[in-house]
There are 2 protein chains.
Amino acid sequence: MKVNFLTAALQIGTKGERVAARIRAAALEQFSRQGFERTTMGEIAREAGVSQAALHYHFQDKAQLWRSAMLDLAAHIAEEERAITAARDARAIDQLRMAMRLFVEISWRHPALGRIVALEGMAGGERLAWLVENLLGDRNRRLAHLAARAIAEGDLKPFPPEQIVVTLQAAAAGLINLQPLMRANFGVLAYSAAGRAAHLDMILAAVFDGFVNRKTEETRP
Amino acid sequence: MKVNFLTAALQIGTKGERVAARIRAAALEQFSRQGFERTTMGEIAREAGVSQAALHYHFQDKAQLWRSAMLDLAAHIAEEERAITAARDARAIDQLRMAMRLFVEISWRHPALGRIVALEGMAGGERLAWLVENLLGDRNRRLAHLAARAIAEGDLKPFPPEQIVVTLQAAAAGLINLQPLMRANFGVLAYSAAGRAAHLDMILAAVFDGFVNRKTEETRP
DNA sequence: ACCAATCTTGACTACAAAATCAGGAAAGCT
DNA sequence: AGCTTTCCTGATTTTGTAGTCAAGATTGGT
């Protein structure tokens with residue numbers, strides 16, 4: 001059996017609940033890698049080590065399994081996020097930097113999230129609408145609001161806040177999502193813990209700082 | 001009939017060649033939006049205004065149609081690129097900046113490219129291998145080499161060149177690929193020509209500059 | 001140990017989409 | 001015009017996958 005963050009759920013609940021959790025974990029992995037239609041129920045079943053029919057016992061249909069897997073992911077992420085509370089009175093730019101740090105760390109721990117957003121965010125449709133409604137919308141709007149404040153406080157270059165937010169996230173998730181490309185194109189392997197830390201450094205030090213308004217430097221000749 | 005950049009091909013060649021071009025254009029649009037499996041031959045046929053069987057007359061199977069559409073896209077892009085030749089003796093950083101400008105412009109004109117790379121680059125598999133082999137590999141390695149030179153010349157912060165290249169491209173294509181997300185999440189509409197120019201500004205001025213090593217700015221003109 | 005509820009499965013159905021094919025229309029040549 | 005090649009289509013077959021179902025296995029309570 002595959003081991004990942006959802007495997008913890010195997011320890012609790014009734015047998016059915018444990019199997020359902022295993023199915024959700026397998027489904028999330030497949031859906032996020034292959035997208036919804038490329039993923040088959042049979043594949044998920046095999047990965048979870050149960051029969052295909054078991055999937056339909058625990059979940060009404062494929063779409064509902066997808067939503068269930070997403071909610072599961074969201075719950076795990078929310079729990080990890082709660083651990084960190086941004087200081088309310090800090091400058092917007094600092095809250096934003098903190099949010100980006102968190103985003104990168106969570107993206108490494110839960111690569112499925114970024115992949116799903118990329119897949120559905122390109123395609124549009126009802127699954128995207130569901131994601132925006134249930135998981136992404138508030139969070140993104142909050143970040144955009146934060147970016148707008150940071151601009152107003154003179155700390156960010158004055159680009160459209162929504163664009164800043166989406167671009168930052170796309171940049172941060174890019175390397176993580178595109179591991180297969182990195183491997184196929186450059187022969188680079190998946191990252192160790194040290195590599196992840198270096199990646200976080202890169203995003204903050206390079207990409208994020210690119211948006212930062214360096215008043216002192218710019219007023220220089 | 002849908003009009004796009006491939007429609008030009010309608011003017012030349014035999015009747016069959018013109019129909020094949022129309023099919024490739026329709027296929028490219030669908031494949032890049034929906035991904036390979038979500039796209040059906042029937043849909044492509046309807047979009048191209050021919051019968052489903054006609055697709056199998058011109059192309060052996062779905063996979064070959066996909067490859068053919070990609071080659072078509074690559075040919076168009078290559079032609080546009082050829083118009084611009086980077087000065088050989090310029091500093092690597094300037095060549096890189098020029099390449100990014102080109103990348104953003106081409107990405108706006110051919111949004112299918114970025115979507116395909118994102119889709120297949122996340123999933124891995126034989127289509128990705130084909131893409132790397134036939135149209136991405138050399139180009140990306142050349143860019144990485146350029147980034148490495150720029151680092152050696154002290155113009156870029158010393159992050160791994162492959163990571164810089166992929167992250168820059170992910171950041172630049174992010175907004176373009178994720179238009180449906182922008183719309184669903186923020187209600188923002190597709191971009192006008194002015195919006196595209198502004199986006200290019202943002203990528204170069206913010207993201208690209210984030211990677212630039214500012215120490216050298218003082219010593220440079 | 002027994003029972004009832006919960007869970008799981010193999011076998012099956014329904015359906016959508018890819019691929020094939022024989023027949024016929026259109027284009028191009030002489 | 002007559003002939004040949006190229007092109008296109010409707011009808012059909014094949015294949016892969018989602019979803020159903022009745023029967024049997026497992027689990028947990030008493």
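**Figure 1. Protein residues around DNA strand C.** In this predicted model, 19 residues surround DNA strand C, and A:V19, A:S51, A:Y57, A:H58 and B:M41 are the closest. A residue counts as near a strand if one of its heavy atoms lies within 4 Å of it. Of the atoms of DNA strand C that come within 4 Å of the protein, 63% are sugar and phosphate. α3(A) gives the most to this surface, with four residues. At least two residues each come from α1 (15–34) and α3 of chain A and from α2 (41–48) and α3 of chain B. Helices are DSSP runs (H or I, at least four residues), numbered from the N terminus. By class, the surface near DNA strand C has seven nonpolar, nine polar and three charged residues. Ala, Val, Leu, Ile, Met, Phe, Trp, Tyr, Cys and Pro count as nonpolar, Asp, Glu, Lys and Arg as charged, and the others, Gly among them, as polar.

**Figure 2. Polar atom pairs at DNA strand C.** A polar side-chain atom of A:H58 lies 2.6 Å from a phosphate oxygen of DNA strand C. For B:M41, a backbone N or O atom lies 2.8 Å from a phosphate oxygen of this strand. B:Q52 addresses a base: an N or O atom in its side chain is 3.4 Å from a base nitrogen of DNA strand C.

**Figure 3. The surroundings of DNA strand D.** Among the 20 residues around DNA strand D, A:M41, B:V19, B:S51, B:A53 and B:H58 come nearest. Sugar or phosphate holds 64% of the strand D atoms within 4 Å of the protein; the rest belong to bases. A polar backbone atom of B:S51 is 2.8 Å from a phosphate oxygen of DNA strand D. A polar side-chain atom of B:Y57 lies 3.4 Å from a phosphate oxygen of the strand. α3(B) supplies the largest share of the surface near DNA strand D, four residues. The surface divides into seven nonpolar, nine polar and four charged residues.

**Figure 4. Packing of helices α5 and α8 in chain A.** The axes of α5 (residues 92–109) and α8 (residues 161–177) of chain A come within 10 Å and cross at roughly 30°. The two helices are therefore roughly parallel (angle under 35 degrees). A:M100, A:F103, A:V104, A:S107 and A:W108 in α5(A) meet A:L168, A:Q169, A:A172, A:A173 and A:I176 in α8(A) (heavy atoms within 4.5 Å). This contact has eight nonpolar, two polar and no charged residues.

**Notes.** Residues are numbered from 1 along each chain as its sequence is written, and chains are lettered from A and ligands numbered from 1 in the order in which they are written. Local features need pLDDT of at least 70, side-chain atom pairs count only at pLDDT 80 or more, and totals for chains, interfaces and linings use all residues; side-chain values use heavy atoms, without hydrogens and water.

Terms used
Axes are lines fitted to C-alpha atoms, for helices over the stretch in contact, and angles run from 0 to 180 degrees between N-to-C directions. Angles under 35 degrees count as roughly parallel, over 145 as roughly antiparallel, 65 to 115 as roughly perpendicular and the rest as oblique. A polar contact is a pair of N or O atoms within 3.5 Å; within protein, one must be able to donate a hydrogen and the other to accept it, and residues adjacent in sequence count only if both atoms are side-chain atoms.
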